[in-house]
Amino acid sequence: MAAAAPPPPPSPAPIPETTVPETAPPRHSLFARIRLASIFDVPHIQRLIHQMAVYERLTHQFQATEASLAATLFPENPPPPFTSFTVFILEVSPNPFPFPSTAQQNPNFSPIFKTFHLDLPIEDLEKETFRSLNENDVVVAGFVLFFPNYSTFLAKPGFYIEDLFVREPYRKKGFGRLLFTAVAAQAAKMGYGRVEWVVLDWNVNAIQFYEQMGAQILPDWRVCRLTGEALQAFAHLNI
């Protein structure tokens, strides 16, 4: 008697729709926090400003020291945030940031948290230099410095952004947008009329970025500046 044919092999189980294909690239989460700067951030702020001067080809104008920044940005009796010079620090970490306790919270500003999902991990060759104080896995990635101004036409105060800078490994990933949004959102919450800043005419990427954020580029206006010996000459005039 002939042997019976073996049963057919079982059909493979269907792949659920929620299963990620094996060819899908892994995602890398990076957690970001924007907080108010303190005097302890001055060494990082000074380094960031110098890197910005290098990027903007303006190192011949760079004079800021840690001492001068500490004295002017964080005096002994500092005014409340947003009434004078204010600095937001952008930090990143591979781990989620703990929410600040009640004792750590500033009544004028709550830190902003955001999670970024990147296709590739970021290689930061200067992470040790920019490691945050007392936080081993937290690295400073950028900053923005701004202060109040006033529009007579609107009869409203506003903010002027002096500097917005993101370190090279973290560019074009949304971190600059996060910093800019933090300032604009604060202005809107306070009922301010506008936010202004300047941009170098050769920095096409920055111009396109600001236009995408809804900003108007004003070609009819020019920046006027009185500084150095030209400014000091006025100290000796008899008015």
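Helices, of at least four residues, and strands, of at least two, are DSSP runs, numbered here from the N terminus. The structure on display is a predicted model, and this tour proceeds through it by selection.

**The whole chain**

Begin with the entire chain selected and coloured by secondary structure. Five helices and six strands make up its secondary structure. Followed from the N terminus, the elements appear in the order β-α-α-β-β-β-β-α-β-α-α. The chain has 239 residues, of which 31% count as buried. If a surface is displayed, about 16,500 Å² of the chain is exposed, and carbon and sulfur atoms supply 57% of that area. Consider next the contacts between residues at least 6 apart in sequence: 74% of them join residues at least 24 apart.

**The sheet**

Select the six strands and hide the remainder. They form an open sheet in the order β3-β1-β2-β4-β5-β6, with mixed pairing. At the edges are β3 and β6 (195-196), each of which pairs on one side only. As a general point, the strands of a sheet pair through backbone hydrogen bonds, in either a parallel or an antiparallel manner.

Now select strand β1, residues 28-36. Is this strand mostly covered or mostly open? Seven of the nine residues of β1 are buried, and the strand is thus mostly covered.

Add strand β3, residues 112-118, to the selection. β1 and β3 run antiparallel and are joined by seven bridges. To inspect one of these bridges, display H28 together with its partner in β3, L118.

Turn next to strand β2, residues 86-93. Six bridges link β2 with β1, again in the antiparallel sense. Two pairs may be displayed here: F31 has S93 in β2 as its bridge partner, and L36 stands opposite F88 in β2.

**The helix across the sheet**

Keep the sheet in view and add helix α3, residues 175-189. Which strands does α3 lie across? They are β1, β2, β3, β4 (139-151), β5 (156-166) and β6. With respect to β5, the helix runs at about 165°.

**Helix α1 and the residue that follows**

Select residues 42-55, which form helix α1. This helix has 14 residues, and the distance from its first C-alpha to its last is 20 Å, close to the 20 Å expected at 1.5 Å a residue. Display the side chains of V42, H44, I45, Q46, L48, I49, M52 and A53, the buried residues of α1. These buried residues pack against α2 (66-73), β2, β4 and β5.

Move on to R57, which follows α1 and is situated in the loop between α1 and α2. Its phi is positive, about 60°, although R57 is not a glycine. Is R57 buried or exposed? The relative accessibility of R57 is 58%. The cut-off for exposed is over 50%, so R57 counts as exposed.

**Helix α4**

Select helix α4, residues 204-212, and display A206, I207, F209 and Y210, which are buried. Viewed down the axis of α4, the buried residues fall within an arc of 160°, and therefore they line one face of the helix. The partner against which the buried residues of α4 pack is α3, so named in the earlier selection of residues 175-189. After α4 comes G214, with a positive phi near 100°.

**Two places in the loops**

Select P81, in the loop between α2 and β2. Which residues are in contact with P81, leaving aside its neighbours within four places in sequence? The contacts are L36, T86, N106 and N108. Then add P107 and draw a distance between the two C-alpha atoms: P81 and P107 are 9.8 Å apart in space and 26 residues apart in sequence.

The final stop is N134, in the loop between β3 and β4. N134 is a residue other than glycine, and its phi has a positive value, near 65°. With a relative accessibility of 73%, N134 counts as exposed.

Technical notes:
Residues numbered from 1 in each chain as written. Predicted model: local features only at pLDDT ≥ 70, side-chain atom pairs only at ≥ 80, totals over all residues. Heavy atoms only, no water. Buried < 20%, exposed > 50% of the residue type's maximum accessible area, 1.4 Å probe, protein only. Pairing = 2+ DSSP bridges. Contact = heavy atoms within 4.5 Å. Axes fitted to C-alpha atoms, helices over the stretch in contact; angles between N-to-C directions. Expected span 1.5 Å × (residues − 1). Areas by Shrake-Rupley, 256 points an atom, 1.4 Å probe, with all protein chains shown as cover. Arc of directions from axis to C-beta.
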